[in-house]
Amino acid sequence: MTWLRRFMILLLSGGVVAAIALAMRPRPVPVDVATIGRGPLIVTISDDGRTRIRERYVVSAPLSGRLIRIALDPGDEVVAGETLLTTIEPTDPALLDPRAVALAEARVRAAEARANLAKPRLASAKETLNLEETEYGRLNRLQSKNAVSAQQLDKQRAAFRQAENDYSAASFEVEIAEFELQQAEAALLRTGDKEVTESNGWSFPITSPISGRVLRVFQESSTIINAGERILELGDPTDLEVEVDVLSTDAVKIQPGARVILNQWGGEQPLDARVRLIEPAAFTKVSALGIEEQRVNVIIDFASTEEVGAVLGDGFRVEADIVRWESDDVLIVPTAALFRESENWAVFVIFEGKASLRHVELGHRNDNAAEILDGLQPGDEVILYPGDRVDVGTLVQRRSE
């Protein structure tokens, strides 16, 4: 029995020693892991923006008088030269005195000057449009033969669209100037003897100068109105653009024609757009944290207005991602794996079950991923969100294992 007791004591002692050794054995630290691979990378400047109608027209009273109640509501459709917006009736002889006549004549001369100024601009815009259209057609034919780069074609396409917009704006300006001239001339023609005008039941109708919709009604009820006071605001709600204000330090990195991805606009799919203009003047804006910032408006055109014209309206919110740089095939590392080691960027790579420090050289990066220029290879496994428990040589274990 003595040998059996000794054997049991030895067995128990060995079990205790084994348990102590197992308890003191280093346990692997569970970590999240990502595998390095190649893929697309987009670097953007993101900020909130809002839609706005490209061309607006404010209808104002051409002369003083009694404004008849306006029956139109925001959203109602109007046709140029046909839709009656409102009517102004005379109120007292002040409309017929020499001072009113002189003012009406002065408005006629001012309207004539504006019309004469707008017509040369229209002719110049037409010539520019023809030139840009010809150049775009030439580059389009050369691009089909791979004689020019896609970037050159994109720049010329943007220039052609800008020329179209300029020509449209110039045509609109001529129409407005001619309409204002007609109004001023009509107001002068209606000026005469009070008894004659009252016997003829005189009133001054105001018709729509453009085809579009009513955006705002500034004065709905019948009232006495002075010349120049706003009555209605008209525009085409399908002719939209996007205004995004970005930091001035970001604005210098944006080029006209840059691709824009519009998100959070209410639809399921993002919308494609292009930068048309970076405004040359900045303005001061106070952020939510109370910090004064210098910001610049970036004007963006939709790639296709047909798909958004029936959904979006004036002043709708969108989230704009303006593309600074993009590539379809780069070596990518998640930014969650990056940290600073002295003056260099570094990651922890899993090698033989342990954490190994690796310095890396970065290229372009966004909030989620970065381009690797040197230091990693496809297939390397890096540790995401390395904490204080992870160091060089630390035994690690994938959290999914």
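Modeller: In this predicted model, Gln 264 lies in the loop between strand E12 (259–263) and E13.

Colleague: Why is Gln 264 called exposed or buried, whichever applies?

Modeller: Gln 264 has a relative accessibility of 55%, and because the word exposed is kept for values over 50%, Gln 264 counts as exposed.

Colleague: What makes the phi of Gln 264 worth a remark?

Modeller: Most residues other than glycine have a negative phi. Gln 264 is not a glycine, and yet its phi is positive, at about 55 degrees. Glu 352, which is not a glycine either, also has a positive phi of about 55 degrees, and the place of Glu 352 is in the loop between strand E18 (344–351) and strand E19 (354–365).

Colleague: How do you know whether Glu 352 is buried or exposed?

Modeller: The relative accessibility of Glu 352 is 70%, and since exposed means over 50%, Glu 352 counts as exposed.

Colleague: Why does Arg 317, in strand E16 (residues 317–334), count as partly exposed?

Modeller: Arg 317 has a relative accessibility of 44%; buried would require a value under 20% and exposed a value over 50%, so Arg 317 falls in between and counts as partly exposed. The C-alpha atom of Arg 317 is separated by 9.0 Å from that of Gly 266, although the two residues are 51 apart along the chain.

Colleague: What makes Asn 297, in strand E15, a buried residue?

Modeller: Asn 297 has a relative accessible area of 11%, and because buried means under 20%, Asn 297 is buried.

Colleague: How do you know that the side chains of Asn 297 and Glu 243 make a polar contact?

Modeller: The distance for this contact between the two side chains is 3.4 Å, and the cut-off for the pair of N or O atoms is within 3.5 Å, with one atom able to donate a hydrogen and the other to accept it, so the pair counts as a polar contact.

Colleague: What makes Arg 230 a charge over the ring of Phe 218?

Modeller: Arg 230 lies over the face of Phe 218, at 4.0 Å from the ring centre, and because the distance limit is within 6 Å, alongside an angle within 35 degrees of the ring normal, the distance fits the definition.

Colleague: Which residues are closest to the centre of the largest pocket?

Modeller: The largest pocket has a volume of about 670 Å³, and of the 29 residues that line it, Arg 54, Arg 161, Asn 165, Asp 239 and Asp 301 are the closest to its centre. The largest share of the lining, eleven residues, comes from H3.

Terms used: Residues are numbered from 1 along each chain as its sequence is written. This is a predicted model: local features need pLDDT of at least 70, side-chain atom pairs count only at pLDDT 80 or more; totals for chains, interfaces and linings use all residues. Side-chain values use heavy atoms; hydrogens and water are left out. On a 1 Å grid over the protein atoms alone, a cavity is a set of points where a 1.4 Å probe fits but cannot get out, and a pocket is an open set with protein on both sides within 12 Å along at least five of seven lines; lining residues have an atom within 4 Å of a point. Grid points are joined across faces, edges and corners, and a volume is the space filled by probe spheres set on the points. Helices (H or I, at least four residues) and strands (E, at least two) are DSSP runs, numbered from the N terminus. Buried means under 20% relative accessible area, exposed over 50%, partly exposed in between (1.4 Å probe, protein chains only).
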